[in-house]
Amino acid sequence: MTLRKNNILTDFDTSKVSWLKSGGNIDKLFKINTESDLRTISKDIDYKNGILPIGNFSNLLIREKGYSGTAIKLTGDFSKIHVENDFLLVGAGVLDSFFSQYCYRNSITGYEFLHTIPGSVGGNIFMNAGCYGQEIKDRLKSIIYFDFEKNKISEIYSSDLSFGYRKGFQIPNILILFGKFEIKKADQNSIKSLMKEYEYKRNLTQPQKVNCCGSIFKNPTNQNAWKLIKTALDESFYKGPIKLSLKHSNFFENDANIKSDLIYEFINKIQKKVKEKHNIVMEKELQII
Ligand SMILES: Cc1cc2nc3c(=O)[nH]c(=O)nc-3n(C[C@H](O)[C@H](O)[C@H](O)COP(=O)(O)OP(=O)(O)OC[C@H]3O[C@@H](n4cnc5c(N)ncnc54)[C@H](O)[C@@H]3O)c2cc1C
């Protein structure tokens, strides 16, 4: 069996899907709908040339020279949520907004924070995404993933993993397929009011309706990245086609279709200035390929 032609994209322009509206091309992108699609392509993929799973492109930037390995986007069966006994089986391609709405409709609590994150479940598990004191690992029971090296689907319990701050399940040559999540019932009104509260907080403190990637840098231990940036950079960083947000200094906003290498250079400049001023090397949260 072969993959349908429209599920194989070549020279794919990532600026069309990236939250930054910027990025180089991907040589080959496979859209995978089913486990059988995955089995089909896995035979042809040389994982040694690189595998890049793609979620909702909200924390990913491809540099101008492009990506020559194999990129994979999960859709179809991997964009669904099923209730199984006492857990939710959630496809890695499910978007956070859909997941939190689904939980609201079914009176399930613990996923309200995802209402304000624009990623997918696969990206969340990779990044251990979180906000407002919660992280995706908190209610994650296990992960089902495909290992390209072993050519095998496996399951791992989250209790056997060491998640950290923005450090999730980050193993080379694997594709997260599903997460199994706890079910805890609650009153729909309290779920809705938490979702609204988080949305309100988000609108108050972070830029909206602009091209951005969320936080640029992780907060160093016991420090706030935004404070370090604000105290190290002059006003010129708040002007131009790529500029720091006046609402939140650890966010930048950029014009659409700006070259991704310019964004890369802008971020490196910030990192250098903060190092000079505070002697701290901030780690990028944005994944740059
Ligand atoms: C406006 C805005 C606000 C944000 N706010 C927050 C926030 O509050 N908290 C927070 O944590 N993040 C935040 N982010 C960042 C981002 O949404 C999260 O990191 C999210 O988890 C990324 O998910 P994604 O599906 O978009 O992943 P992508 O950006 O597509 O990919 C991110 C990484 O995950 C890997 N990946 C994706 N899917 C899979 C998979 N199936 N298997 C293996 N690896 C995979 C990719 O290879 C890549 O390395 C924000 C971003 C924006 C634009």
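Biologist: What does the domain assignment of the protein give?

Modeller: The assignment gives domain 1 (5-76), domain 2 (79-204) and domain 3 (207-288); these bounds come from an automatic or database domain assignment. This is a predicted model, in which local features need pLDDT of at least 70 and side-chain atom pairs count only at pLDDT 80 or more, while totals for chains, interfaces and linings use all residues. Residues are numbered from 1 along each chain as its sequence is written. Taken over C-alpha atoms, the centres of domain 2 and domain 3 are separated by 27 Å.

Biologist: How do you know which strands make up the open sheet of 4 strands, and in what order?

Modeller: Strands are DSSP runs of E with at least two residues, helices are runs of H or I with at least four, and both are numbered from the N terminus. Two strands pair if DSSP finds at least two bridges between them. Here 5 bridges join β1 to β2 (residues 25-32), 6 join β2 to β5, and 4 join β3 to β5 (residues 67-74). Each count meets the requirement of at least two, so these strands are paired. The resulting order is β1-β2-β5-β3.

Biologist: What makes the pairing in this sheet mixed?

Modeller: β1 and β2 run antiparallel, whereas β2 and β5 run parallel, as do β3 and β5. Individual partners can be named: Leu9 stands opposite Leu29 in β2, Leu29 has Ala71 in β5 as a bridge partner, and Leu52 is also partnered by Ala71.

Biologist: Why do β1 and β3 stand at the edges?

Modeller: β1 (8-13) and β3 each have a single partner strand, so one side of each is left without a neighbour in the sheet. From one strand to the next, the twist of this sheet averages 35 degrees.

Biologist: What makes β6 and β7 a hairpin?

Modeller: β6 (residues 81-84) and β7 (residues 87-91) run antiparallel and are joined by 4 bridges, with 2 residues between them. In the turn, Asn85 has a positive phi of about 45 degrees. Glu84 stands opposite Phe87, and Val83 opposite Leu88. Both strands belong to an open sheet of 5 strands, ordered β6-β7-β12-β10-β11 with antiparallel pairing. Its edges are β6 and β11 (152-157), each with a single partner strand. The twist here averages 25 degrees from one strand to the next.

Biologist: Why is α5 called roughly perpendicular to α6?

Modeller: The axes of α5 (residues 225-232) and α6 (residues 260-278) cross at roughly 80 degrees and come within 9 Å. Such axes are lines fitted to C-alpha atoms over the stretch in contact, with angles from 0 to 180 degrees between N-to-C directions. Angles under 35 degrees count as roughly parallel, over 145 as roughly antiparallel, 65 to 115 as roughly perpendicular and the rest as oblique. The crossing therefore makes α5 roughly perpendicular to α6.

Biologist: Which residues meet where α5 and α6 are in contact?

Modeller: Contact requires C-beta atoms, placed from the backbone, within 7 Å. Leu228, Ile229, Thr231 and Ala232 in α5 meet Ile270, Lys273, Val274, Lys277 and His278 in α6.

Biologist: Which helix gives the most to the shell around the ligand?

Modeller: It is α3 (121-127), with 5 residues. Of the 30 residues around the ligand, Gly55, Gly119, Gly122, Gly123 and Gly214 come nearest; being near requires a C-beta atom, placed from the backbone, within 6 Å.

Key:
Contact = placed C-beta atoms within 7 Å.
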